[in-house]
Each structure stands twice: as structure tokens, then as C-alpha cells.
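I opened the notebook to go through this structure place by place. Entries follow in the order in which I looked things up.

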Number of protein chains: 4
Amino acid sequence: MDTTPPAGSELAELTAALNTFSAERHWQPFHTPKNLVMALSVEAAELVEIFQWLTPEQAADVMSDPERGEHVREEIADVLAYLLGLADKLGIDPAQALRDKMVKNAIKYPPGAPGL
Amino acid sequence: MDTTPPAGSELAELTAALNTFSAERHWQPFHTPKNLVMALSVEAAELVEIFQWLTPEQAADVMSDPERGEHVREEIADVLAYLLGLADKLGIDPAQALRDKMVKNAIKYPPGAPGL
Amino acid sequence: MDTTPPAGSELAELTAALNTFSAERHWQPFHTPKNLVMALSVEAAELVEIFQWLTPEQAADVMSDPERGEHVREEIADVLAYLLGLADKLGIDPAQALRDKMVKNAIKYPPGAPGL
Amino acid sequence: MDTTPPAGSELAELTAALNTFSAERHWQPFHTPKNLVMALSVEAAELVEIFQWLTPEQAADVMSDPERGEHVREEIADVLAYLLGLADKLGIDPAQALRDKMVKNAIKYPPGAPGL
């Protein structure tokens, strides 16, 4: 199994920057795994909130309004931040975890099979 | 502003693999921005579900059980998958969005200031 | 199966008040089942947000601060509002649904059995 | 301010039944406010999961399939269960909280004003 992202990778660089950021603000005691999963789900919900009253057409066009587009971009950043923070606390490399999950899903969902 | 992750990066590689995976299964029509934010929040909740009844101590030790650890790892993979899928649909580079958000947060939360 | 809450009940009274409230503001076109489940999950996340950085002890004592207690109370109201709105749109009586679920859970989780 | 639901009301009856159910299974130690908000958000996400890949038209018609309709009904029951459990732990009457919130929202959102 993996440990954290490989040194020098994009996710390792971001994780290190986030850890420095939290350390400088003395936030680490709050960043327990249980609290981080809560924060991750809250940030995901803040993305949902942007889309909840939009029609599918409005949702597909959400980036055309610069202010709202920037809002979406910031919430995506927040989700990534807590995902990396959680993965780091637990010793997981999210990129490797996703590669492994795709191998597993390729068997679970064979190409061309019906349904989701 | 960014567009998608820079070619050759880890996130660009994963995004391309996810797009191929979805295309082979004809899932793209379902992967609208509105549906993807819903799926992202559902996967985040599946992480929360693993932790909801654990004490802080049990939560901190969640990876010590191999089966549960693998479950956590898979849910982290799922969150990353939908986050990358959503960002790709919207033309956002999540890594650059996070770098920009950290710059903004460094001003909002000066080091050493009290509270979260 | 049930339809909506029985006339005269507390939940029927609240549902009727919510429907009048939405009609007066022309919000009904937005209140589709898909949008209402999204809004429900967002309101639940706003409750999570209040608790995410609290220790278990602070969380248990959350109502002792009047301002935060009122915040919790308002978010609970919001969750109930969208739950009733969704149930009404779908023709479900939430109270009867819960009574039926408890009968089912009483079989699934016999008293005295270990674990959750 | 309220305390718990008034004796004899529908929500008081359900709350009492839920408390008995939990007591018989020794679940109360797990039902801290922090854990209950997590469980509430997870159940809300299970509702979202049912709707996430549906078109607005399919979502509006979700109850026409008996099995899926029953699934929706059970998830609505689960959300109500954790909402009542949380409110009970915190000494909140959800029905009264919602009445008070509607008074507040009637001022915040005057009838006929544009937008959400």
C-alpha cells in the first residue's frame, strides 16, 4: 500500500504547503481525522449550495458568471485542501488510491455493460 | 485564471484516465456539473459514515484495521475522482485553485491570530 | 402506504404553512424533488459546520452559548423545513415512515445484540 | 425558548419511541450531539444518492417505482430519526424552531421580492 504522495509530486507539494499553513496558525490540534472528514463534507455541501436551485442548463453554464465561477473555484480548492489534509493524516496517497480504485472499478463495471 | 490541470501533471493524468473510463462506459451524459456535485457530496458523506460513531481516539487509529483502512482509502479515491471530474467539466485546475486560495487565506487568517 | 401527514397533525400544520410561505414568494418552481434533496443535505451540512472543530465536550455543551444555541436551533428548523417540503412533494408522511422504519429496524437490530 | 416537543404531540411521541429503541440497544453512548449531526448528514446524503443521476423528470417521478419509492421513504424516516434525536439531546423543539424561523424568514424574504 502507499503512504503519502511521492516526494516532488503536485499533491505532495500542496500537502506540504497546507501543513506549513496550518502549523503557522496552530490549527493542527483541530485537524483530527474525525474533524477533517466533517470539514470535507461541509465544503462539498458548499459546492452543492451553489448548484441547488439552478436548472441543469444554468448549472452547465455556471462558470460564465465571473463572480460565481470564482466562488465555485474556491470551493473546489477547499474540498481539495481537506481531502489532502485528511489523506496526509491517515498516510494515504490519494492519487495512488484513485489509480487502484479505477483498476477495481474496471472489473466491477465492465465497459459496455448497461446501467451505472 | 487557469483552465484544466497542466499537461503531464499528476492531476492531468488522473483526469484523462477518468475521462477514458467514463467514455468507455457511456457515463458522460450523467456527468453534468449538477450531478457531479451531488455525487461528490455523497462520497464525502460515505467517508463521514465510517467515522460517525468512532471516538476521537478510534478515529485517529482508523487505518490500523486493514479492512477499514482500505475502505477509507477507497472513499478518498471516490471523492478525488468526482472532484477531478467536476473540475474538468468546469475548466478548473484544482491544484492552481488551491494555491490561489492559500494566498487569499494567508491574508484572511494572519499567522498567530487567535481562533480558527 | 401513507400519503401526506394526517390532517390536523403538527407536521401537517407545518407543511401547510411552508407551502403557503413558498407560494407567496413564487418559490415552488425551484422546489423540485432533486433540488429539495440537495437543499436538505446543505442544511444538514450547516449543522455539521457548527460542530466540526468542537471537542466532544464542547459539542455536548453547544447550547450553553445563547448565540450559538440559536444558530443550532435555526439550522434544525431548516432541515425540518426541507424534509417536510420534500416529503410533501413525494406524498410521504414522514412520521408514519419513521414508525414503519422502527418496526423494520426492531427486527434488523434485536435488543441486546452487540454492535451498532 | 422551547425545550423539547410538547407532551402528546406527534414529534414528542416519536422522540420517546426513538429513545426507548436506543436504550434497549445501548446505543445512547454513541448518540452524542457531534455524532448525531454526522449521522444526520449521512442520511441526507443517502437521499441525495438516490437522486444524483436522475434527470429532473425522473426525479419528479421517483415514487412511481415501488421499490425505489420505499427506499426514499426509509431515508426520509432516517433523516427524521436523527433530527429528532439531535433536537432531543439539545433540548430543542424542532416544530417550534421551525415556526420561529418562518417568522424570521417572513421578514428576511418579503413576499413578492425577486429571487431566492
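**Entry: B:Gln52**

I began with B:Gln52, which sits in the loop between helix H2 (33-51) and helix H3 (56-60) of chain B. The model is predicted, so I read local features only where pLDDT is at least 70. Is B:Gln52 buried or exposed? Its relative accessible area is 7%, so I logged B:Gln52 as buried, the cut-off being under 20%. Next I asked which residues B:Gln52 touches, leaving aside neighbours within four places in sequence. I found A:Lys34, D:Asn35, D:Met38, D:Ala39 and D:Val42. I also took a distance within chain B. B:Gln52 and B:Thr32 are 20 residues apart in sequence, and their C-alpha atoms are 30 Å apart.

**Entry: A:Leu54**

I turned to chain A and looked up A:Leu54. This residue lies in the loop between H2 and helix H3 (56-60) of chain A. With a relative accessible area of 11%, A:Leu54 is buried. I then listed its contacts beyond four places in sequence. Within its own chain, A:Leu54 meets A:Ala59, A:Val62 and A:Arg68. From other chains, B:Lys34 and C:Asn35 are in contact with A:Leu54.

**Entry: chain A as a whole**

I stepped back to chain A. How many helices and strands does chain A have? I noted five helices and zero strands. Read from the N terminus, the order of elements is α-α-α-α-α. Then I checked how spread out the chain is. The radius of gyration of chain A is 17 Å, while the globule rule gives 13 Å for 116 residues, so chain A is more spread out than a compact globule. Along the principal axes, the C-alpha atoms of chain A fill a box of roughly 40 × 40 × 25 Å.

I went on to burial and surface. Of the 116 residues in chain A, 55% count as buried. The chain exposes about 4,900 Å², and 57% of that comes from carbon and sulfur atoms. For contacts in chain A between residues at least 6 apart in sequence, I noted that 67% join residues at least 24 apart. I closed this entry with charge. Chain A carries 9 positive and 18 negative side chains. The centres of the two sets lie 10 Å apart.

**Entry: His26 in chains A and D**

I looked for backbone angles worth a note. A:His26 has a positive phi of about 60°, although A:His26 is not a glycine. Where is A:His26? I placed it in the loop between helix H1 (10-24) and helix H2 (33-51) of chain A. Its relative accessibility is 56%, so A:His26 counts as exposed.

I repeated the look-up in chain D. Phi of D:His26 is near 55°, again a positive value in a residue other than glycine. D:His26 is in the loop between helix H1 (10-24) and helix H2 (33-51) of chain D. At 54% relative accessibility, D:His26 counts as exposed.

**Entry: D:Leu11 and D:Asp78**

I stayed in chain D. D:Leu11 is in helix H1 of chain D. Its relative accessibility is 0%, so D:Leu11 counts as buried. What is in contact with D:Leu11, leaving aside neighbours within four places in sequence? From chain C, I found C:Glu10 and C:Leu11. From chain D, I found D:Pro5, D:Leu84 and D:Ala95. D:Ala87 is 76 residues from D:Leu11 along the chain, and their C-alpha atoms are separated by 11 Å.

D:Asp78 came next. I found D:Asp78 in helix H4 (residues 66-90) of chain D. At 12% relative accessibility, D:Asp78 counts as buried. Beyond its neighbours within four places in sequence, D:Asp78 is in contact with C:Lys101 and D:Glu43.

**Entry: how the copies relate**

I ended with superpositions. A turn of 180° and a shift of 0.0 Å along the axis lay chain D on chain C, with an RMSD of 0.0 Å. That is the relation of a two-fold axis. Of the contact residues of chain D, 100% recur in chain C, and the same surface serves both copies.

I then tried chain D on chain A. A rotation of 180° with 0.0 Å of shift along its axis superposes them, RMSD 0.0 Å. Which C-alpha of chain D is nearest that axis? I noted D:Met38, 3.7 Å from the axis. Here 100% of the interface residues of chain D are also interface residues in chain A, so these copies meet through the same surface.

Methods: Residues numbered from 1 in each chain as written. Chains lettered and ligands numbered in written order. Predicted model: local features only at pLDDT ≥ 70, side-chain atom pairs only at ≥ 80, totals over all residues. Heavy atoms only, no water. Least-squares fit on C-alpha atoms with pLDDT ≥ 70 in both. Contact = heavy atoms within 4.5 Å. Helix = DSSP H or I, 4+ residues; strand = E, 2+ residues; numbered from the N terminus. Rg over C-alpha atoms; globule rule 2.2 N^0.38 Å. Buried < 20%, exposed > 50% of the residue type's maximum accessible area, 1.4 Å probe, protein only. Areas by Shrake-Rupley, 256 points an atom, 1.4 Å probe, with all protein chains shown as cover. Lys, Arg positive; Asp, Glu negative; His and termini not counted. Charge placed at Lys NZ, Arg CZ, Asp CG, Glu CD.
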